[in-house]
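Colleague: I'm new to this one, so could you show it to me and let me ask some basic things?

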Amino acid sequence: MVLTSDLETRMTQLDKKMEEVMLKYGLGDIPEDVYNITYRTLTKQKSDINIQLTEAKSNESNLEKTAHVALVTSCKLETL
């Protein structure tokens, strides 16, 4: 399981790469076709990470709910 913080770090790194490629294109350091391919690739990677982040946050939320139910149930064990 990938940690949310690791995914957020990767997202930040991708954002920086996207800014760099836009700057290089704007300065004329890379041709348009290279820019387009690179930008599409980075956008796809960001989309994949967003999906993983959503799943990770959902799992964390479910884990929190499960822990709460377990705590409440364990408090009631003495009365059973």
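Here is our chat about the model shown above.

Modeller: One thing up front: this is a predicted model, where local features need pLDDT of at least 70, side-chain atom pairs count only at pLDDT 80 or more, and totals for chains, interfaces and linings use all residues. Residues are numbered from 1 along each chain as its sequence is written, and side-chain values use heavy atoms, with hydrogens and water left out.

Colleague: How many helices and strands are there in the protein?

Modeller: Helices (H or I, at least four residues) and strands (E, at least two) are DSSP runs, numbered from the N terminus. Helix 1 covers 4-26 and helix 2 covers 32-76. The count is two helices and zero strands.

Colleague: What distance separates the end C-alpha atoms of helix 1?

Modeller: The expected span is 1.5 Å times one less than the number of residues. Helix 1 has 23 residues, so it should span 33 Å, and the distance in the model agrees: 33 Å.

Colleague: Which elements give two or more residues to the largest nonpolar core?

Modeller: A nonpolar core is a set of buried Ala, Val, Leu, Ile, Met, Phe, Trp, Tyr and Cys residues joined through side-chain atoms within 4.5 Å; buried means under 20% relative accessible area, exposed over 50%, partly exposed in between (1.4 Å probe, protein chains only). The largest one has 11 residues, including Leu 7, Met 11, Ile 30, Leu 42 and Ala 56. The elements giving two or more are helix 1 and helix 2.

Colleague: What share of the 80 residues counts as buried?

Modeller: In helix 1, the buried residues are Thr 4, Leu 7, Met 11, Leu 14, Met 18 and Val 21. Over the 80 residues of the protein, the buried share is 15%.

Colleague: Which residue forms a salt bridge with Asp 15?

Modeller: A salt bridge is a side-chain nitrogen of Lys or Arg within 4 Å of a carboxyl oxygen of Asp or Glu, and the structure holds two. For Asp 15, the closest N and O atoms are 2.6 Å apart, and the partner is Lys 46. Asp 15 sits in helix 1 and its partner in helix 2, so the pair ties together parts 31 residues apart in sequence. Partly exposed, at a relative accessible area of 21%, is that partner, Lys 46.

Colleague: And which residue pairs with Asp 48 in a salt bridge?

Modeller: Asp 48 is partly exposed, at 29% relative accessible area. Its partner is four residues away in helix 2, so about one helical turn separates them. The closest N and O atoms are 2.7 Å apart, and the partner is Lys 44.
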